[in-house]
Amino acid sequence: MIATVVHFDPRLLPHNLHWQGAATYLERDPTLLRMRRQPFVFRPPLLDALPHDTPGIYTLVGGRQVGKSTLCKQFLAERLAAGVAPERLAYVTCEPYVDAEELRRVLTDLLGEMAPAREPCWLLLDEVTYVEGWDRVVKFLADAGQLDSCFLLATGSDRLLIEDSLKRLPGRRGQAEVVDFHLRPLSFLEFCRLRSRVDAVELQRCAGEPLDAAVPSSPFLDALEMELREYHLTGGFLPAINDLARTGGIAVATFRTYADWIRGDVLRLDRNERYLREVLTGIHRRQSSQVTWNAFAKELSIDSPKTVADYIAILERMDVLQIVPALVEHTRGAAPKKARKVYFSDPFIHRAVLSWLGEDDALESDARLQRDLEGVFAAHAGRAGEVFYIKGDGEIDVVFYEKRQLQLVEVKWSSQMRPEELKEIRRRGRGTIAARVTRSVTYEGLPVLPAAVVLLRLAARSVRA
């Protein structure tokens, strides 16, 4: 059945080798081959979360090179293993298609071949935002009844472009409770599980305990701190993790791949490369500091604070940055007029940006690790919901609500507690201090835990949310 479509559009064939048989796909698909050659292979938990037996229009967003395409190929492999007929499955990478009309013709013919009598089928559209008007194509197919029995997953790297497009598909998304999914880099907990350098039983037990639960000194904690230091090198990105496993370092080409993604996607939105460099340089130098867009603009050649805000918003929705607003406690929301904190959302992304900018990596600097850790903690807390900071007599770095209770975390990559740096959390008399210690201690009645332990528990919280 599919052979007609392959003849019509040969661009479909390289990524749909299962049409020649499931064994051919598993043995020869380029993405699966590259994956199997790596020291570490990761199966995203999102594969279990996707409602693959419920027809509907679903989205998967996440930064470029985070593993969306690999997840799609793993999804196909698992459907084949579950007994789905190969002709009911299709993967379409949207990058080769120049416009919506071309994509419409290809998908109309493809769906007609996959499910001529509206049988169940699975269609994966990868990087749909390359085709302007892709949402109109999906709406056309839905209105024509061609998606009534179809699981359609559309992936993209720009959250805003996806979200804006979905406004044109009301009532057409299907019956599943959750239809929008977000793929992020590996969390610290996933990183530790993947590498198996620490005891798995201890890891699970420690991760599942309350955020401030005490831990005694142990070889497990020593190993966990080493994992945190290596997570600082690779972040949650599999290519960097596998580079480190193979060679003990990260290849220049890997840094370049991620820097080119950031640069390319921003330029594709008709933005200025010089402005992008200035904004990223400013974020590197101001990371962990409170900043307003007005103050930021004064440090750059960019005259308009709105332009600065635009670039930062683009980078945030690409998962390059994590923006942390100040908390207004009586509203439980963000303070719209107060200064924000801006972090790189993953330490490897920070390193890739520095490589492109030609800035000193300064990896051995405790001050650098302190700033990156604040960003990692904020990004992990933000996976489960809104994250804030508090500005009072002093600052509290990471603040979030859990079961309507305010949780406070102060990140201090230091074994020496300085009273002036802990004014606000001391004033409140509660919260958790994540520090450079090898066991649990207290400081003026406040629990002080190893930073790696607190990050591990934040990662586990994001899984439970």
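This report describes the overall dimensions, surface and charges of a protein model, and then one pair of its strands.

The model is predicted rather than experimental, and its secondary structure consists of 20 helices and 16 strands. For a chain of 465 residues, a compact globule would be expected to have a radius of gyration near 23 Å, and because the protein has 23 Å, the two values agree. Along the principal axes, the C-alpha atoms fill a box of roughly 75 × 55 × 45 Å. Among contacts with a separation of 6 or more, 69% are made by residues 24 or more positions apart, while 55% of the 465 residues count as buried.

The following table gathers values for the whole protein.

| Property | Value |
|---|---|
| Accessible surface | about 19,900 Å² |
| Share of that surface belonging to carbon and sulfur atoms | 49% |
| Positive side chains | 63 |
| Negative side chains | 64 |
| Distance between the centres of the two charge sets | 3 Å |

At the level of single strands, β13, which spans residues 405-412, runs parallel to β14 and is joined to it by four bridges. Within this pair, E410 stands opposite I433 of β14.

Which way do the side chains of strand β14 point? In this strand, which covers residues 432-435, T432 and A434 point one way, whereas I433 and A435 point the other way. Such alternation between the two faces of the sheet is what side chains do in a regular strand. In β14 the residues on both sides, T432 and A434 as well as I433 and A435, are all buried.

Methods. Residues numbered from 1 in each chain as written. Predicted model: local features only at pLDDT ≥ 70, side-chain atom pairs only at ≥ 80, totals over all residues. Heavy atoms only, no water. Helix = DSSP H or I, 4+ residues; strand = E, 2+ residues; numbered from the N terminus. Rg over C-alpha atoms; globule rule 2.2 N^0.38 Å. Buried < 20%, exposed > 50% of the residue type's maximum accessible area, 1.4 Å probe, protein only. Contact = heavy atoms within 4.5 Å. Areas by Shrake-Rupley, 256 points an atom, 1.4 Å probe, with all protein chains shown as cover. Lys, Arg positive; Asp, Glu negative; His and termini not counted. Charge placed at Lys NZ, Arg CZ, Asp CG, Glu CD. Pairing = 2+ DSSP bridges.
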